[in-house]
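Please take me through this structure in a viewer, one selection at a time, and tell me what is to be found at each stop.

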Amino acid sequence: MMPRPWWSPLSDACFGLIPRVPYARPDRADCQGIAVVAQGLSAAARPHGPTAFTDASFSIPCGCRTALIGPNGSGKSTLLRVLAGLVPAATGSVQVLGAPPQLGRARVAYLAQRPRLTDPFPLKLRRLVQMGTYAHHGWFEECHHGDEAVDRALHLLQLTELADRPVHTLSGGQLQRALLARATVQGAELLLLDEPYAALDQASRDIVEAFLFAPTANLTIVMATHDPADSQRFDRILELRQGALRTVHACAGHPHRHA
Amino acid sequence: MLEFLLEPLREPFFQRALLAVVLSALTCACLGAYVVLRRMAFLSTALTHSILPGVVGAILLGLSPYLGALTAALLTASGIAWLSARRGTSEDSAIGVMLSVMFAAGIALMSAAHAWRDFTGLLFGSVVSVGATDLLIIGLTSGGILFTLRVLHKELELAAFDEEYAELIGARPAWLRAVLLILVALGAVACVRLVGALLTTALFVIPSATGVLLGRTLPQVMGWGIACALFGGISGLYLSYHCTGVPSGAGIVLCCAGPYLVARLRAPRG
């Protein structure tokens, strides 16, 4: 628990006077067991840029762990950014958790390959993880809640000892784990991960894998990866090659599995 | 020594300037933390310098200088946004273009009015120039800015640290950036009497740069920034009072630089 300053009751009272406005409309979409469904999807990485991939059609059930593979420049990152709502689809249709991709959905979390964080920034790791609760709050609202969720997430990703460290003193792997912890605190059901292992050493990677592939974790994962050794762990493999979604291996018969 | 400190306090103009400097220090240090962390120091320089043609134009036309200053600052901010929206012009060069064009316009207007002397207070600040109306305007502006910063604290912090996550959860980082620019323009307008158009940017940058060296969380950065700005502002006013001829803006900036240098030399690395 963080100590509360003496003036906080006063500050809370002032905040109580301001109406609360959510960042986005509440997300009540029912996905009926399908996390992602895309039909004839194409998109460009940046507006007016070349198309990154075309005519991708696939579906991912809830609880399914999906690997997105393919060489550099094949459009993996763009596909993930389309699902996150950061990049608009050029053609085709896509539904994410029962609604078109859009910003402001607490149920979807996205981790960029190279997170663009302001560095240095006076922020402790604990506060970074706590930012995950913002998605459930809105404008003009102070947030002190979520201490238990933050503690749990820190413990899950083995960051408890680092909680008071300034963010800019963390290693790349520790930071990546912190961002995953933030996604956990956000309560995301669908994790869109862009090469999350790229900055990790073996120890960090073990922690992250244990978290992502825990049989008890009720997560749907779409992960861009280059690691062929990994493919055993996934339920489903989508391959992007030369801008087209070529093969879809659905590996049935794995122990943990989909709805 | 005591007389050195107490004598100016008997002058009503000095009391007003003192109150104005305290308000400005609070506002500029809190706002400056975001300016420094988001690396907008050059942008804030452009906004504060561009006040010049606005104020000169307003005085020549017989309008309120505050209105002219605010118009000019907002014009500069939107001009920078418009220029850098096109491919091929980086924000950096857009700022450079707007800064020099607006400042040149200010100099042209001043020369046209044949009144260089009357405008030195505007360029470098002046202790004697803070009237009761100015104090009221400074008070209202500071109150508004501090209230906005407090209310949007968590969003501004998030957008300054991780713009993409702010976008993902729908917290509109582009709006927040625009809000911050408007606040900087307002803050610059409020400080112009005291510190002058040329030096206002220092009040945003120097205390907060000190704060960034010493603080480990954003409130700590702001706290150290306020301490530095208060020290620099008050001692600068005394300097300007006792050394006749030193404009208050120059005094304040020089006195702010002291704590910054000490912090820079003493701060632990890393």
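The tour below goes from the nonpolar core to the aromatic rings, then to the helices of chain B and some backbone details of chain A.

**The core.** Keep in mind throughout that this is a predicted model. Begin by selecting A:Phe53, A:Phe58, A:Leu180, A:Leu191, A:Leu192 and A:Leu212, which are the residues with the most contacts inside the largest nonpolar core, a set of 164 residues. Then colour helix H2 of chain B, residues 12–37, since this helix gives the most to that core, with 14 residues. Returning to A:Phe53 and showing its surroundings, you will find that, apart from neighbours within four places in sequence, its contacts are A:Leu41, A:Ser42, A:Ala43, A:Ser74, A:Gly75, A:Thr78, A:Leu79, A:Val82, A:Leu240 and A:Gly243.

**Aromatic rings.** Over all chains the structure holds 7 aromatic pairs. For one of them, select A:Phe213 and A:Phe234, whose rings meet edge-to-face, with 5.4 Å from centre to centre and 80 degrees between the planes. A:Phe213 lies in the loop between helix H6 (202–212) and strand S9 (220–224) of chain A, while A:Phe234 lies in the loop between S9 and strand S10 (236–241), so the pair ties together parts that are 21 residues apart in sequence. Both A:Phe213 and A:Phe234 are buried. Add A:Arg233 to the view, and it will be seen lying over the face of A:Phe213, at 4.6 Å from the ring centre.

A second charge over a ring involves both chains: select B:Lys154, whose charged end sits over the ring of A:Tyr134, 5.5 Å from its centre. In chain B, select B:Phe4, B:Phe13, B:Phe14, B:Tyr238 and B:Tyr241 together, as these residues form one aromatic cluster.

**Helices of chain B.** Select residues 173–195 of chain B, which make up helix H11; at 1.5 Å a residue its 23 residues should span 33 Å, and the end C-alpha atoms, at 31 Å apart, agree with this. Along H11(B), look for a kink of about 30 degrees centred on B:Val189. After the helix comes B:Gly196, whose phi is positive, near 90 degrees.

Move next to B:Leu218, which is found in helix H13 (residues 218–242) of chain B. Is B:Leu218 buried or exposed? Its relative accessible area is 0%, which is under the 20% cut-off, so B:Leu218 counts as buried. Leaving out residues up to four places away in sequence, B:Leu218 touches A:Pro122 from the other chain, as well as B:Ala33, B:Tyr34, B:Leu37, B:His153 and B:Glu157. To B:Ala33, which is 185 residues apart from B:Leu218 in sequence, the C-alpha to C-alpha distance is 7.8 Å.

**Backbone details in chain A.** Select A:Asp119 and A:Pro120, for the peptide bond between them is cis, with omega near 0 degrees. A:Pro120 is placed in the loop between strand S6 (108–111) and helix H3 (125–130) of chain A.

Finish with two residues that have a positive phi without being glycine. A:Asp55, with a phi of about 50 degrees, belongs to strand S3 (residues 51–61) of chain A and is exposed, with a relative accessible area of 58%. A:Glu195, with a phi of about 45 degrees, is in the loop between strand S8 (190–194) and H6 of chain A, and at 13% relative accessibility A:Glu195 counts as buried.

Methods. Residues are numbered from 1 along each chain as its sequence is written. Chains are lettered from A and ligands numbered from 1 in the order in which they are written. This is a predicted model: local features need pLDDT of at least 70, side-chain atom pairs count only at pLDDT 80 or more; totals for chains, interfaces and linings use all residues. Side-chain values use heavy atoms; hydrogens and water are left out. A nonpolar core is a set of buried Ala, Val, Leu, Ile, Met, Phe, Trp, Tyr and Cys residues joined through side-chain atoms within 4.5 Å. Buried means under 20% relative accessible area, exposed over 50%, partly exposed in between (1.4 Å probe, protein chains only). Helices (H or I, at least four residues) and strands (E, at least two) are DSSP runs, numbered from the N terminus. Contact means heavy atoms within 4.5 Å. The expected span of a helix is 1.5 Å times one less than its number of residues. The bend at a residue is the angle between axes fitted to the seven residues ending there and the seven starting there. Rings of Phe, Tyr and Trp (its six-membered ring) pair if their centres lie within 6.5 Å; planes under 30 degrees apart count as stacked, over 60 as edge-to-face and the rest as tilted. A charge sits over a ring if NZ of Lys or CZ of Arg is within 6 Å of the ring centre and within 35 degrees of the ring normal.
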